[in-house]
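Colleague: I am new to this structure. Could you walk me through it?

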Amino acid sequence: MQAYNIHVNGVLHCRVRYSQLLGLHEQLRKEYGANVVPAFPPKKIFTLTPAEVEQRREQLEKYMQAVRQDPTLGGSETFNSFLRKAQQETQQIPTEEVVLEVLLSNGQKVKVTILTSDQTEDVLEAVASKLDLPDDLVGYFSLFLVRETKDGAFSFVRKLQEFELPYVSVTSLHNPEFRIILRKSYWDSSYDDDVMEHRVGLNLLYAQTVSDIEHGWILVNKEQHRQLKSLQEKVSKKEFIRLAQTLKYYGYLKFDPCVTDFPEKGCHVVVSAGNNELNFQVRLPNEQIKEGSFKVTRMRCWRVTSSVPMSNGPSGSSPGKSEVKLELAFEYLMSKDRLQWVTITSPQAIMLSICLQSMVDELMVKKSGGSIRKMFRRRVNGALRRSDSQQAVKSPPLLDSPDASREPMAKLSSKLTSVSLRGISHSSSANDVGANDFHGNYAFEGIGDEDL
């Protein structure tokens with residue numbers, strides 16, 4: 001029986017059979033009507049040949065992409081709960097009460113009692129209620145999957161998404177270095193005011209700011225350091241945050257050192273995301289450090305691709321074990337009529353893409369005069385509703401095949417919040433993967449002379 005691996009953000013999310021996907025299709029048709037739901041690959045009476053198996057995988061991949069890209073279907077409870085249930089079944093974790101440990105920025109641990117089958121939003125609400133964070137502030141925070149580094153800092157893996165079960169996601173990695181952490185989820189620091197109105201919001205923001213300064217994410221000179229220290233001693237949390245807001249890289253997420261092809265191939269770079277830009281500190285071949293920023297409003301589109309190095313000959317390493325190499329590439333408006341692709345090669349490419357996506361979402365909400373509070377889904381009579389702003393910029397999913405191509409590097413495009421399907425068969429046919437792997441940027445603005 002042919003099964004398919006669905007990869008989400010480069011990690012195996014679940015394993016499904018054709019019949020399960022057909023069941024999802026029928027349910028979507030029942031709820032949304034045949035004219036909304038894309039066509040589904042037909043049932044075959046006879047056993048499929050290897051070529052037909054691969055053709056079906058490609059058709060299913062296109063189908064899943066089309067569903068995920070559709071604002072109504074991709075954000076639907078039907079689709080997301082299908083992925084959550086499949087994740088739980090694949091990892092064979094029964095539904096039961098468990099205690100999950102969530103970290104705060106200051107290293108404090110919050111233990112919440114949840115069900116293994118609780119989705120991201122349920123867990124976020126459980127943490128908020130344990131901390132006495134008021135309901136209308138919950139949407140300003142998110143849960144992130146991080147990996148603890150040797151020096152006690154964190155490397156961000158991804159923001160936990162609505163189609164996954166946090167307990168299952170973290171335990172299925174079988175590695176105690178992976179933790180779930182609570183952090184603010186917005187970019188514009190003017191929203192700090194809303195959060196600071198409430199004692200718990202203020203404490204969380206204060207802890208995060210102190211931690212970001214300690215980890216060297218925020219640039220501080222000696223004099224500023226002295227002022228911050230004295231505010232810390234007086235426990236003047238609001239003043240401390242106000243001063244921090246004026247510092248360079250306040251509100252940015254800092255990524256682990258990686259490699260970029262800008263301004264030339266193979267440059268080492270430290271990327272930070274914040275203030276609607278990606279900031280690059282690039283080490284040039286002559287050891288000079290250059291700094292510059294790429295504005296999200298000048299990115300025409302971006303994509304994440306993953307390439308799997310092929311095991312060559314008898315070395316015996318199975319492709320499953322090989323390191324997947326992730327890249328984020330974005331097309332940037334360098335000057336009035338010159339677009340250029342810039343590539344970042346980093347294990348955190350998915351997280352970078354999630355950051356770009358959420359910056360765009362936030363800009364779109366502002367543009368439409370909406371409020372950030374409304375940007376976050378609330379439960380309405382037990383059903384989940386997603387705001388239009390987020391629907392507008394949904395990224396597509398993907399099914400990949402086990403790539404057995406002859407080049408040493410096989411490119412598998414892999415999408416953010418993606419569904420990528422790899423056939424679990426031993427056929428050597430499968431090389432082509434959907435090329436439609438772009439995030440078009442709704443906030444992209446053509447720029448006039450006067451802006452440059």
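Modeller: The answers below go from the overall make-up to the sheet, the helix pairs and one loop residue.

Modeller: This is a predicted model, in which local features need pLDDT of at least 70 and side-chain atom pairs count only at pLDDT 80 or more, while totals for chains, interfaces and linings use all residues. Residues are numbered from 1 along each chain as its sequence is written, and side-chain values use heavy atoms, with hydrogens and water left out.

Colleague: How many helices and strands are there in the protein?

Modeller: The protein has 14 helices and 20 strands. Helices (H or I, at least four residues) and strands (E, at least two) are DSSP runs, numbered from the N terminus.

Colleague: And what share of the residues is buried?

Modeller: Of the 452 residues, 53% are buried; buried means under 20% relative accessible area, exposed over 50%, and partly exposed in between, with a 1.4 Å probe and protein chains only. Among contacts (heavy atoms within 4.5 Å) between residues at least 6 apart in sequence, 61% join residues at least 24 apart.

Colleague: What is the strand order in the open sheet of five strands?

Modeller: The order is β4-β3-β7-β5-β6, and the pairing is mixed. Two strands pair if DSSP finds at least two bridges between them.

Colleague: Which strands stand at the edges?

Modeller: They are β4 (109–115) and β6 (154–159); each has a single partner strand, so one side of each is left without a neighbour in the sheet. From one strand to the next, the twist averages 45°.

Colleague: How many bridges link β3 and β4?

Modeller: Seven bridges pair β3 (residues 97–103) with β4 in the antiparallel sense. V99 has T113 in β4 as its bridge partner.

Colleague: Which strands does α9 lie across?

Modeller: Helix α9 (residues 199–214) lies across β5 (141–148) and β7 (178–184), at about 115° to β7. Axes are lines fitted to C-alpha atoms, for helices over the stretch in contact, and angles run from 0 to 180 degrees between N-to-C directions. Helix α12 (residues 349–367) lies across β5 and β6, running at about 60° to β6.

Colleague: At what angle do α9 and α11 pack?

Modeller: The angle between α9 and helix α11 (residues 237–245) is about 50°, with the axes 10 Å apart. The two helices are therefore oblique to each other; angles under 35 degrees count as roughly parallel, over 145 as roughly antiparallel, 65 to 115 as roughly perpendicular and the rest as oblique. Residues of α9 that meet α11 include L202, Y206 and I213, and those on the α11 side include F240 and I241.

Colleague: What about α1 and α4: how do they cross?

Modeller: The axes of α1 (residues 18–32) and α4 (residues 77–90) come within 10 Å and cross at roughly 155°. That makes α1 roughly antiparallel to α4. Among the residues in this contact are L21, L24 and L28 from α1, and F79 and F82 from α4.

Colleague: Changing topic, where does S346 lie, and is S346 buried or exposed?

Modeller: S346 lies in the loop between β15 (338–345) and α12. Its relative accessibility is 3%, so S346 counts as buried. Leaving aside residues up to four places away in sequence, S346 touches C258 and L326.

Colleague: Which strands pair with β15?

Modeller: Strand β9 (residues 258–260) pairs with β15 in the antiparallel sense over two bridges, and V259 has T345 as its bridge partner there. Strand β14 (residues 325–335) is joined to β15 by eight bridges, again antiparallel, with A329 opposite T343. A hairpin connects β14 to β15 through two residues.
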